[in-house]
Structures are given as structure tokens and as C-alpha cells.
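Thanks for coming. I will go through one structure this morning, a piece at a time, and you can follow along on the screen.

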Amino acid sequence: MKNPFKIFRSSRKKEETPEQEKPIEAKEALSQQAEPQPQPVEEKAPADDFTEWCRSQVHGGIERRERNDIFEEYSVYGTDSQGQLICRRWHRYPEHERDFDLSYSRILSFDEFNRRLLSELDQGNLKLSVYNECIGKAAALSQIQSANPPYDGFTEDEDSALKSFCKALDTLTDKEYRRADGVFYCSCRSVVGDELLGVRFRKPLPYDALYADVPGVGRKSVEGYDIDSLWIMGVANRLGECCQRRRITLLTSEWSLHKESVFLMTVEGFPAIDGTLLVAVADEAALPRFGFYSLDFSQ
């Protein structure tokens, strides 16, 4: 006679699975869950050894480049612990409502460092006194010396002498005067033809762009009779009459289709002014792109 309980015994054996018969994958998963996972080690950022000397004013807005960009930016100039001259550029897009981000940090030679500071000076982003202090530190660090004395701007007596000279130019009228960061400005019109003319005066800096080649700017020595503008020729002739020595250099933008030009006159022995005087004369349309300190047309 067959055993009627055999069916129940076999089903119970199938349900009971011994621990050692569990899959190997399940064992490994359980062991991994039990073992503590190593925590990542936080890497500390290296200390910044940059020392700030000066920074330009924040400027921006809508500026036409390849397209219209709405942004703000400024530059910071200084050095590091190795004595390298460094420029850092910071930018911000106001529509993003974010803080300024670092665009780049570059190591510069003394000439590159000086050229950037002169460009900031031309654009009104740096005061002349701030430039003098910053470039003085850079020159000492680079062990560079200049025979030219520092220039802090014209005195009141020198301003009066320059204004008197401009008033005596009888071929020009509607004269307006102002001065800013060591430059004396005279804006005027020709007595015939109503041509706008700009005359600017300043003294050389110890590390002036006058003594270096400027990329994209052609230089040519000319005489007074080479000037094609009757009104600019009148300024050159008057300078030749009242000064001991006068040299004329024609600066021309080589990177512009319009070939903007400015006549740069180096004058010695100007009444009531000691040393060298620089005079830039050009049509008023050409002067906005001309940097009188950097002597280029990059603005």
C-alpha cells in the first residue's frame, strides 16, 4: 500500500532551502552592504599668492564688437610670490544676476604690463596717479629704470600757458577747454568750412609708448608742408614759431579701412613749460579712437 503522506513531505523539502545553497551573487551583495565604504578625501585648493596693486574701474554695458554684448568687466594688476607681473580680468553678465567671474589670469612682461595700464588710462578706467604708483612698483620689481621724470599733470600756470596758446590760434574758433588725467583738451572749429578739430597736450611718461613700437600703427616723420589740412598746418606752424624745436610724426591706423591719422608733435622749449611737450592734432572724428597715452587706435 502506498504512503498517502509522501506528497506533503516532498513539497516541504522543496520549500526549505539551506543557507549554503543561496546564489553566490546574493552573498557578495550582502557582504558589500555590510562593509563600510571609504569616504572621499577633500582636496584643499592651493593658496592664492597674488598681491593686488591696482584695479580698473568697472565698465561695460552695450559694446559693439562682433555682436552686441551686455556685460561688465574690470581688470586687476599685481604680482605673485615669484615676482611675476600679472593681469586678471573679471566679467559679469548683469542679466544673469551673478557675481563677477574670473575670465583669465595672465603673466605679462613689463612692456605688456605697461601697455595695458596705458590703455586703461586712455579709456578713463584708471587715474594718472594710480598708474604712476602701479608702474613704479612694476619697474622696481623688473629692475627697470627710466631717465624721464614722473608726470602728474600740468600745473595751473602751465594750463594758463596752453590756454593762451590756443586762444591765439586765429584760424580756429568756438574753442572749448577741459583737462583730465594729465591731458589738456581743446576742441574747436575752423573759421571756414566748419571743420571740427581736436588739439591735445600732455608731457611724456617715464615709460611712454612714444619710445616703443605700437602694433598696428604706422609712423612717418613729416614736415609742416606735408600736412594736407590747412587748419592742422596752422597749429604746427604756430608751434614752430613759439618753440625752440618741433618734430612731427604722422600716426596712421594700419588695421582700419578708414586709415585714421593723427599728427603727433614733439615740442621743446614751449613758453612756461619745462621739458618735452606732446601735442596731438587731428580731425575730431579720428580722435575718439586714438589713445593719447598708448598712441594707438584700439579704442
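Start with Cys-87. This is a predicted model, and in it the cysteine sulfur closest to that of Cys-87 belongs to Cys-54, 9.2 Å away, which is too far for a bond. Cys-87 has 0% relative accessibility, so it counts as buried.

Now Cys-188. Its closest cysteine sulfur is in Cys-186, and the separation there is 4.5 Å, so again too far for a bond. The cut-off for calling a disulfide is 2.5 Å between the sulfur atoms. Cys-188 is also buried, because its relative accessibility is 3%. By that cut-off, the count of disulfides is zero.

Next, the sheet. What is the order of its strands? It reads 6-7-8-12-11-10-9, an open sheet of seven strands with antiparallel pairing. At the edges are strand 6, residues 172–180, and strand 9, residues 217–222, each pairing on one side only. From one strand to the next, the twist averages 20 degrees.

As a reminder, strands of a sheet pair through backbone hydrogen bonds, either parallel or antiparallel.

Let me stay with strand 8, residues 196–202. Six of its seven residues are buried, so call it mostly covered. On one side, strand 8 runs antiparallel to strand 7, residues 183–190, and six bridges join the two. Cys-186, which we met beside Cys-188, has Val-199 in strand 8 as its bridge partner. Strands 7 and 8 form a hairpin with five residues between the strands, and in that hairpin Gly-193 takes a positive phi near 90 degrees.

Strand 8 also pairs with strand 12, residues 276–283, again antiparallel and over six bridges. Here Val-199 comes up a second time, standing opposite Val-281 in strand 12. Phe-201 stands opposite Val-279, also in strand 12. Packed on this sheet is helix 5, which touches strands 6, 7, 8 and 12. The direction of helix 5 makes about 160 degrees with that of strand 6.

Within helix 5, residues 156–167, look at Glu-158. Is Glu-158 buried or exposed? Its relative accessibility is 9%, so it counts as buried. The side chain of Glu-158 makes a polar contact with the side chain of Lys-203, at 2.8 Å. Setting aside neighbours within four places in sequence, the residues in contact with Glu-158 are Gly-153, Lys-203, Ala-272, Ile-273 and Asp-274.

Last, the nonpolar cores. In soluble globular proteins, nonpolar side chains tend to be buried together. The largest nonpolar core in this model has 71 residues. Which of them touch the most other members? They are Phe-113, Tyr-131, Phe-201, Met-265 and Phe-270. Phe-201 is the residue we just saw opposite Val-279.

As for Phe-270, leaving out residues up to four places away in sequence, it touches Ala-161, Leu-162, Phe-165, Leu-239, Cys-242, Cys-243 and Leu-277. There is also a second, separate core of five residues, including Phe-50, Tyr-74, Val-76 and Phe-100.

That is where I will stop.

Conventions
Residues numbered from 1 in each chain as written. Predicted model: local features only at pLDDT ≥ 70, side-chain atom pairs only at ≥ 80, totals over all residues. Heavy atoms only, no water. Helix = DSSP H or I, 4+ residues; strand = E, 2+ residues; numbered from the N terminus. Buried < 20%, exposed > 50% of the residue type's maximum accessible area, 1.4 Å probe, protein only. Polar contact = N/O pair within 3.5 Å; in protein donor to acceptor, adjacent residues only side chain to side chain. Contact = heavy atoms within 4.5 Å. Pairing = 2+ DSSP bridges. Core = buried A, V, L, I, M, F, W, Y, C linked by side-chain atoms within 4.5 Å. Axes fitted to C-alpha atoms, helices over the stretch in contact; angles between N-to-C directions.
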